[in-house]
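Trainee: Please pick one part of this model and take me through it slowly. Then carry on into whatever else is worth looking at.

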Amino acid sequence: MARNYKIATIGSHSALQILKGAKDEGFGTIAICIRGTEEPYRSFKVADEIISVDSYDDFEKCQDKLLRENAILIPHASFIAYMGHERVQKLRIPYFGNKKILKFEADRNLQRVWLKNSGINVPKVFSDYRRIDRPVIVKFHGARGGFGYFIAKDPDDFKRKIKDYPKGHNYVIQEYIVGVPVYAHYFYSPITDELEIMSFDKRYESNVDSLGRISARDQLVLKKVDPSYVIIGNMPLVVRESILPELFRIGRNVVEESKKFAPPGLFGPFSLEMIIKPDVEIYVFEISARIVAGTNPYVQGSPYSWLRYHEPMSTGRRIAREIKNAIKKNQLKKILHNHDNPKDD
Ligand code: AMP
Ligand code: AMP
């Protein structure tokens with residue numbers, strides 16, 4: 001039963017929603033917070049317990065406690081970013097998700113092969129700048145959160161702009177797709193083999209989303225306004241209904257393809273980050289193989305989850321519901337890493 005387990009996650013990113021959803025499904029909840037960042041988890045009353053650590057380097061120190069509490073860990077981007085993939089692999093706490101996927105998610109090249117083999121359009125990548133024959137976006141690896149990206153129109157433009165960056169920085173030169181960015185949030189259940197569309201969002205990125213507020217004339221006066229894509233917030237979005245069949249199709253393809261290289265494949269929440277062109281052609285530039293913060297506007301559910309559930313169903317709550325369903329059917333092993341199936345009841 002749900003009350004025999006606790007849901008635990010790191011206090012950041014989408015933890016409010018994850019913990020609230022877990023409580024709504026009858027689980028106890030634990031937030032692991034960096035000392036000094038506990039207030040939201042206390043104030044919004046989503047955490048039954050808060051474990052404070054001085055740094056995420058200390059995370060492993062609370063493992064034994066979490067194991068004793070029968071906690072299930074829910075990963076999100078901050079968790080992966082702060083812990084790093086290798087440490088996550090080694091954790092002994094029951095973990096919601098397929099850890100084999102992490103490697104494919106972390107590597108842009110592996111992601112690309114995954115998407116291509118799923119029959120999905122991806123932006124062209126130029127391995128040699130001299131071949132740039134269209135507008136490109138240059139993304140630096142490890143430049144967390146979209147800082148330092150730039151756009152170039154041809155090899156000369158690239159050469160001129162790259163000079164401003166220290167040598168030895170890893171980057172990818174990607175075709176710049178002119179269209180609108182859309183972030184699609186999915187949930188796949190390996191228990192029922194059902195793929196759900198949970199919601200969509202668009203991002204509010206600093207400073208690129210404000211450049212339109214400065215006229216081209218004034219931008220020239222400011223001399224150098226470099227666009228950055230640092231995420232500040234997320235805004236809800238519904239998409240044109242006639243695009244939905246295609247979005248279901250590509251979501252399903254991504255799941256089926258992952259079953260081939262990382263069985264049992266991708267499951268639980270995931271997101272496809274895409275640009276949709278005016279001719280409604282879809283280009284996916286990234287997969288997030290876990291809950292994304294773009295689902296945060298939907299603590300009470302989205303228009304889509306309302307259609308299906310007739311009750312408030314956030315992605316956080318959907319995760320807890322999946323765990324509850326697995327407990328009921330004695331199938332926790334299917335959705336948890338490090339689960340020895342001790343006391344399902
Ligand atoms: P934070 O815990 O806010 O420092 O974020 C850690 C990681 O999660 C960073 O790599 C962020 O880019 C990503 N992230 C945090 N919040 C959001 C958001 N609202 N939308 C998309 N990504 C996010
Ligand atoms: P990323 O760091 O890959 O999530 O990209 C940050 C932002 O850059 C996205 O939210 C998009 O607005 C934009 N972007 C990324 N890749 C492309 C692309 N290939 N074409 C156009 N815009 C892009």
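Mentor: Start with Tyr 82: an N or O atom in its side chain sits 2.6 Å from an oxygen atom of ligand 1. That is a polar contact, meaning a pair of N or O atoms within 3.5 Å; within protein, one must be able to donate a hydrogen and the other to accept it, and residues adjacent in sequence count only if both atoms are side-chain atoms. Ser 12 also brings a side-chain N or O atom to 2.6 Å from an oxygen of ligand 1, and for Ser 78 the distance is 2.7 Å. On its own, ligand 1 exposes 480 Å², and 71% of that is buried by the protein (accessible areas are Shrake-Rupley with a 1.4 Å probe; for residues, only the protein chains shown count as cover).

Before going on, keep in mind that this is a predicted model: local features need pLDDT of at least 70 and side-chain atom pairs count only at pLDDT 80 or more, while totals for chains, interfaces and linings use all residues. Residues are numbered from 1 along each chain as its sequence is written, chains are lettered from A and ligands numbered from 1 in the order written, and side-chain values use heavy atoms, with hydrogens and water left out.

Back to the shell of ligand 1, meaning residues with a heavy atom within 4 Å of it. Besides the three residues just named, His 13, Ala 77, Arg 203, Ile 231, Asn 234 and Ala 293 belong to it. By class there are four nonpolar residues, four polar and one charged (nonpolar is Ala, Val, Leu, Ile, Met, Phe, Trp, Tyr, Cys and Pro; charged is Asp, Glu, Lys and Arg; the others, Gly among them, are polar). H4 contributes the most, three residues; helices here are DSSP runs of H or I with at least four residues, strands are E runs of at least two, and both are numbered from the N terminus.

Now ligand 2. The side chain of Tyr 183 puts an N or O atom 2.4 Å from one of its oxygens. Two nitrogen contacts follow: a polar side-chain atom of Gln 174 lies 2.9 Å from a nitrogen of ligand 2, and a backbone N or O atom of Glu 175 lies 3.0 Å from a nitrogen. Ligand 2 has 480 Å² of accessible area on its own, and the protein covers 93% of it. Strands S7 (136-140), S9 (171-175), S10 (180-189), S11 (194-207) and S14 (282-288) are the elements giving two or more residues to this shell. The shell has 16 residues, and those coming nearest are Lys 139, Tyr 149, Ile 177, Tyr 183 and Glu 205. Its classes are 10 nonpolar, one polar and five charged.

S7 and S9 turn up again at helix H8, where they help cover the buried residues along with strand S8 (150-152). H8 covers residues 155-162, and Asp 157, Phe 158 and Ile 162 are buried there (under 20% relative accessible area; exposed is over 50%, partly exposed in between; 1.4 Å probe, protein chains only). Down the axis of H8, these buried residues fall within an arc of 120°, so they line one face; the arc is taken from the directions from the helix axis to the C-beta atoms.

Last, Glu 322 in helix H12 (residues 315-328). Glu 322 counts as buried because its relative accessibility is 1%. Apart from neighbours within four places in sequence, Glu 322 is in contact (heavy atoms within 4.5 Å) with Phe 96, Phe 187, Ser 189, Pro 190, Ile 191 and Ile 335.
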